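Trainee: Please give a close account of one loop in this model, and then set it beside other local features that deserve attention.

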Amino acid sequence: MASKSETVTLIGAGLVGPLLAIGLVKRGFDVEIYERRPDMRRVRVSAGRSINLALSARGIHALTEAGLWDEMRRITVLMKGRMIHSAAAELAFQPYGKDDSEVIYAISRADLNIALIDAAEAQGVRIGFQQRCAGFTLKTGELQLHDEQADEYRTLEKNIVIGCDGSASALRNEMLKLNGFTFLQHYLDYGYKELTIPAGPVGSHALEAHALHIWPRGNHMLIALPNVDGTFGCILFLPFEGRDSFAQLATREDVAGFIRSKFPDAAAVMPEVADTFFANPTGSMATIKCLPWHAEGRALLLGDAAHAIVPFFGQGINCGFEDCTVLLGLVDRHGRDWKRIFAEFEKARKINTDAIADLALENFVEMRDRVSDPRFLFRKRVELALEARYPRLFVPKYAMVTFHRVPYATALQRGQVQDRMLTQLCDGIDRVEDLDWSKADRLIRGEITSLELPS
Ligand SMILES: Cc1cc2nc3c(=O)[nH]c(=O)nc-3n(C[C@H](O)[C@H](O)[C@H](O)COP(=O)(O)OP(=O)(O)OC[C@H]3O[C@@H](n4cnc5c(N)ncnc54)[C@H](O)[C@@H]3O)c2cc1C
């Protein structure tokens, strides 16, 4: 237990900040958060109320540790698999996992954020809204805040500052000034647009509620995740330029025509798509890698501030929440030895966050293209058959990432080995019954060891 007098200052009350704050308060720290935006419980923040996220094992584990999952589960919608919509509006359901225990959960980003802020305040965390971090002197601990409402600056002295301020982190900008700080930012030449499918009569869902819907179209795609209120939060991913790109959608007619021709069954349930398209900004997506994550034993980056990833594995927040699990575990071990905690945190996480960044990029091709390819679907069936026969030896990559808390780096490395095996085993056959089991046995028992599956 820390002494009550030790204050930890977090920058950012997005998704990761309040969850970390709860864990620290429970360990006896005094915690304050400075957040740039207004309090989203009082001010309706921008568009995208219906926009949601997929929560899976790592996120759920962290929420459970904070004592929040049972409550939060009520504001989620369970998704059992992908519903693939073909260009001819035919549907094909692909379960995510081997059985009903392997599911993921859609949750509204705003509802999750509000629930976390409420829970943090209930635990005694102080949150200052409209307080933007405008600078932090790493040597002295002077934190400069800009009061966005009063338009005033003030400087406070802080001992421990953790940057949970997202992919455009102000704290990371300070670290950029450090000698030897490595910073890599890679933008995709794709953007995204948030759209909405409204609820049907009496809050019913216009599409199957318990699925993540995908309209894969080769170089672009639309996805939709269900909300508890009957709406779907949709995201349209398009290249910025070229064929089927944002550059070609300049008018309402362009947008309505594009959606009708590419996603006919989605168009039928999105009567206001052209309005929403122009009301919402076009987002960009980047992978950010940097090092070090900590400085002077007093500042640390965590969540998207340390490692933003593209959204195609649905792991950004799950990974950020797992950061909290790992950091709090180190606090339990090392008490107030922040220098050591920060160094061990970086060592434990960096290799894994680099791995999920790569996996997320790889999954973009899978989602927008391969999910409708019969060979890909056949490989998926073979994967499940292999998993059934070799439960701890052959665990599909998607399952390692999504349903288990296997370190991401292990999932990446084993996934590559398993992919090679699958290629060898699927070559020349198109029925699971024709699998050469003795070859499978030789490959699997010969090359992979039993996997720890942390609960
Ligand atoms: C289109 C899209 C879809 C996604 N889907 C998923 C998904 O399905 N599953 C998943 O796990 N992840 C998903 N993600 C990723 C997920 O949204 C992020 O990983 C997550 O929000 C990161 O949480 P965070 O708390 O680190 O940062 P954020 O949620 O960005 O929070 C940062 C907070 O810091 C505040 N802030 C910023 N600068 C300052 C400053 N100078 N001073 C004070 N406060 C500041 C911001 O206002 C914000 O409140 C998706 C991301 C995108 C873009």
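Mentor: D151 sits in the loop that runs between strand 10 (142-147) and strand 11 (152-157); strands here are DSSP runs of E with at least two residues, helices are runs of H or I with at least four, and both are numbered from the N terminus. The model is predicted, so local features are taken only at pLDDT of at least 70 and side-chain atom pairs only at pLDDT 80 or more, while totals for chains, interfaces and linings use all residues. Residues are numbered from 1 along each chain as its sequence is written, and side-chain values use heavy atoms, with hydrogens and water left out.

The backbone of D151 has phi near 55°, a positive value in a residue other than glycine. D151 is also exposed, at a relative accessible area of 55% (exposed is over 50%, buried under 20%, partly exposed in between, with a 1.4 Å probe and protein chains only). V202 likewise carries a positive phi without being glycine, here near 40°. Its place is the loop between strand 13 (182-197) and strand 14 (211-216), and V202 is exposed with a relative accessible area of 88%.

The elements on either side of the D151 loop can be followed through Q131, a residue of strand 9 (131-137). Q131 counts as buried, at 8% relative accessibility. Its side chain makes a polar contact of 3.3 Å with the side chain of D147 and another of 2.9 Å with that of R154; such a contact is a pair of N or O atoms within 3.5 Å, where within protein one must be able to donate a hydrogen and the other to accept it, and residues adjacent in sequence count only if both atoms are side-chain atoms.

Strand 9 leads on to the ligand, since strand 3 (52-55), strand 9 and helix 10 (316-334) each supply at least two residues of its shell. The ligand is surrounded by 30 residues, the closest being E35, A54, R109, D304 and I317 (a residue is near when one of its heavy atoms lies within 4 Å). By class the shell holds 14 nonpolar, 9 polar and 7 charged residues; Ala, Val, Leu, Ile, Met, Phe, Trp, Tyr, Cys and Pro count as nonpolar, Asp, Glu, Lys and Arg as charged, and the others, Gly among them, as polar. Oxygen atoms of the ligand lie 2.6 Å from a side-chain N or O atom of E35, 2.5 Å from one of R109 and 2.8 Å from one of D304. Taken alone the ligand exposes 1000 Å², and the protein buries 88% of that.

Elsewhere, a search of the whole structure finds 1 cavity of 30 Å³ or more, and the largest cavity contains about 40 Å³ of space. Its lining includes I288, W293, H307 and K350. Two or more lining residues come from each of strand 17 (282-291), helix 9 (304-307) and helix 11 (338-368), and helix 11 gives the largest share, 4 residues. The lining divides into 7 nonpolar, 2 polar and 3 charged residues.

Strand 17 also borders the loop that holds P292, which continues to strand 18 (294-295). The peptide bond from L291 to P292 is cis, with omega near 0°.

Methods:
1 Å grid on protein atoms, 1.4 Å probe; cavity = no way out; pocket = protein on both sides within 12 Å on 5 of 7 lines; lining within 4 Å. Points joined across faces, edges and corners; volume = space filled by probe spheres on them. Areas by Shrake-Rupley, 256 points an atom, 1.4 Å probe, with all protein chains shown as cover.
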